[in-house]
Amino acid sequence: MKLTLKIWRQKSPKDEGKFETYQLDNASQDMTFLEMLDAMNEKLISEDKDPVAFEHDCREGICGSCAMMINGKPHGPGKEITTCQLNMKAFKDGDTIMVEPWRTNSFPIIKDLVVDRSAFEKIMEAGGFIDVDVAAVPDANAYPVEKHKAEEAFDAAECIGCGACVAACKNSSAMLFVAAKVSQYALLPQGKIEGVQRAWNMLMKMDELGFGSCANTGACETECPKGISLAHIARLNREFIKAGFTKLAGEKR
Amino acid sequence: MSNFFTSSIGKKFIMSLTGLFLIVFLIIHLTVNSMIVWDSSGELFNRAAHFMDVNIAISIIEPILAIGVILHLIYASIITLQNQLKRNVNYAALGRYKKRDVTKESNWPSRNMYILGAVIITFLVIHLINFYWKMKFSGDPLLEEATAAGGNVENAFALVTNKFQIWWYVGIYVIGSIALCLHLYHGVWSAFQTLGWSNRKWRNIFNVIGVLISVVLGGGFAFIALFVYIQSLI
Ligand code: HEM
Ligand code: SF4
Ligand code: FES
């Protein structure tokens, strides 16, 4: 099929950047979206032009690197899929597709569609780990966990850190990401111990890095490729408010 | 703790508490207003209004309400302004005029709480000047009119029903009520979510409560104004 692609091109973080329009004649509905971009890049290379820079790694929806805004939707059309899982069957012959990078001040553009998401790593460094001594890998049954808690923690742990939640949010808030990371530990025996302090540290880091506040619009939840629920944000709020009052009481936690 | 109230969740915590507090007040207010409908002689309403005027509890709550509105307004302005600054360049695919409305997947009120709030506060000022100020301070000839039961309570009923015979004044009420309805359509569930009381199950319950509160409050205030207006025509 024939496609018209409008792609954001930006040489460097400082470059102003602009949309370039490309025609691609040899796309097929059997391709994934990234394969279509690959085909386009091959065409650009054969024309001696600079290929479009975009991030990708696993190409099976687990690494979270293939971040891009397709026709104004993070990861393009379709529910709970990443760009690499997006099939070209979602488009028709003759379509015009607009591809842009995530837009938020906290994710500066490095080149074309590639943005710097190290802000997420800084949030993880602020508390996305378990610090209590849990010794060697314990026997699987040594820590009994209720099934529903295990499932909820597992749901949260599905977050792949892609940043679609931030990209979709009118406030560029990273609450869904932070909530997923806080929830993933808060429900389990080892993680629970530092749960309140972790929520405090990670949220304060999120604020410091320039992400906005949560208005509970739910845009993040609809656009998240892993279907992370707003229920996790409620848990983050709970843990954070608890942390606030613990600190008010002068206790160290 | 000091930085709790400057954190993003802390600011929202204040907005949710002040918002819920204002809702409780509005429910009481609507209950008093409904007397206009139950008793067309105005007797019930006048007594209720008088009770609200002289009641000690209400005099204590009044300044707290004022602080609540002001805090809600200040924090709303801070949050909205700060959030506007987080995305300097918007998505081209969304068009020039949708500066920060990234996705239409969320409902319209949730993305426009500040605009709705601005309509509410404009309405509130008009409302306070016309009723609260006159009853409390400046007085009005209509308030002096004899009440149905005689006695020495002010005739708030005359003041209110007189205003509600003016079509554009009723129009302002209807617009204010619609804005309130939409604000609470998102606001109620959002407040419980902010407080961390929501989860997968309660989210639906809070949503239903939110729709009920928004329709009862928004619809109620508009209905009373329209009721008096239509009665004055027949
Ligand atoms: C009677 C009046 C009002 C009531 C009952 C009310 C109620 C509420 C409630 C319950 C919330 C949800 C809080 C949360 O998300 O945690 C809210 C949010 C909000 N209100 Fe109001 N409100 C009123 C007036 C106003 C006014 C005058 C403004 C100012 C312009 C305003 C601006 C906002 C904004 C911007 C939000 C969303 C904040 C955010 O999520 O980012 N409200 N309101
Ligand atoms: S919460 Fe969802 S949208 Fe946000 S980073 Fe994780 S996987 Fe991506
Ligand atoms: S490339 Fe890994 S999730 Fe898409």
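A residue counts as buried when its relative accessible area is under 20%, as exposed when that area is over 50%, and as partly exposed in between. By this criterion D38(A), at 24% relative accessibility, falls into the partly exposed class. The model described here is predicted, and the values that follow were computed from its atoms.

Chain A comprises 253 residues, of which 55% are buried, and its secondary structure comes to 9 helices and 7 strands. The C-alpha trace of this chain spans about 65 × 40 × 35 Å along its principal axes. Among contacts in chain A with a sequence separation of 6 or more, 70% are made by residues 24 or more positions apart. The surface that chain A exposes amounts to about 11100 Å², with 51% of it supplied by carbon and sulfur atoms. Chain A carries 31 positive and 37 negative side chains, the centres of the two sets lying 4 Å apart.

Chain B, with 234 residues of which 46% count as buried, has 10 helices and 0 strands, so that its order along the sequence reads α-α-α-α-α-α-α-α-α-α. For chain B, the C-alpha atoms fill a box of roughly 65 × 40 × 35 Å along the principal axes. Of the contacts in chain B between residues at least 6 apart in sequence, 69% join residues at least 24 apart. Chain B exposes about 12200 Å², and carbon and sulfur atoms supply 71% of this area. In chain B there are 17 positive and 10 negative charges, and the mean positions of the two sets are 26 Å apart.

The iron atom of ligand 1 has two protein donors in chain B, namely NE2 of H72(B) and NE2 of H183(B), which lie 2.0 Å from the metal. These two residues link distant parts of the chain, since H72(B) belongs to helix α4 (residues 56–84) and H183(B) to helix α9 (residues 167–194), with their positions 111 residues apart in sequence. The iron site has 6 donor atoms with angles of 88 to 180° among them, and its geometry is octahedral. Both H72(B) and H183(B) are buried.

In chain A, a group of contacts can be followed outward from helix α1. L34(A) is found in this helix and, at 1% relative accessibility, counts as buried. Leaving out residues up to four places away in sequence, L34(A) touches F54(A), H56(A), R59(A), C66(A), M68(A), T83(A) and C84(A). One of these partners, C66(A), is 32 residues from L34(A) in sequence, while the C-alpha atoms of the pair are 8.4 Å apart in space. D38(A) also has its place in helix α1, and with the same exclusion of sequence neighbours D38(A) touches F54(A) and R59(A), two residues that are likewise among the contacts of L34(A). The C-alpha atoms of D38(A) and D57(A), which are 19 residues apart in sequence, are separated by 13 Å.

R59(A), which is touched by both L34(A) and D38(A), is found in the loop between α1 (33–46) and β3 (69–70) of chain A. Although R59(A) is not a glycine, its phi is positive, at about 55°. With 29% relative accessibility, this residue counts as partly exposed. A positive phi in a residue other than glycine also occurs at S172(A), where the value is about 50°. S172(A) is placed in the loop between α4 (164–168) and α5 (175–186) of chain A, and this serine is buried, with a relative accessible area of 0%.

A loop position in chain B was examined as well. T147(B) lies between α7 (141–144) and α8 (156–163) of chain B, in the loop that joins them, and at 9% relative accessibility T147(B) counts as buried. Apart from neighbours within four places in sequence, T147(B) is in contact with N46(B), V153(B), E154(B) and N155(B). The C-alpha atoms of T147(B) and S41(B) are 8.5 Å apart, although 106 residues separate the two along the chain.

Notes:
Residues numbered from 1 in each chain as written. Chains lettered and ligands numbered in written order. Predicted model: local features only at pLDDT ≥ 70, side-chain atom pairs only at ≥ 80, totals over all residues. Heavy atoms only, no water. Helix = DSSP H or I, 4+ residues; strand = E, 2+ residues; numbered from the N terminus. Buried < 20%, exposed > 50% of the residue type's maximum accessible area, 1.4 Å probe, protein only. Contact = heavy atoms within 4.5 Å. Areas by Shrake-Rupley, 256 points an atom, 1.4 Å probe, with all protein chains shown as cover. Lys, Arg positive; Asp, Glu negative; His and termini not counted. Charge placed at Lys NZ, Arg CZ, Asp CG, Glu CD. Donors = N, O, S within 2.8 Å, 3.2 Å for Na, K, Ca; no water. Tetrahedral: all angles 85-135°; square planar, octahedral: opposite > 155°, others 65-115°.
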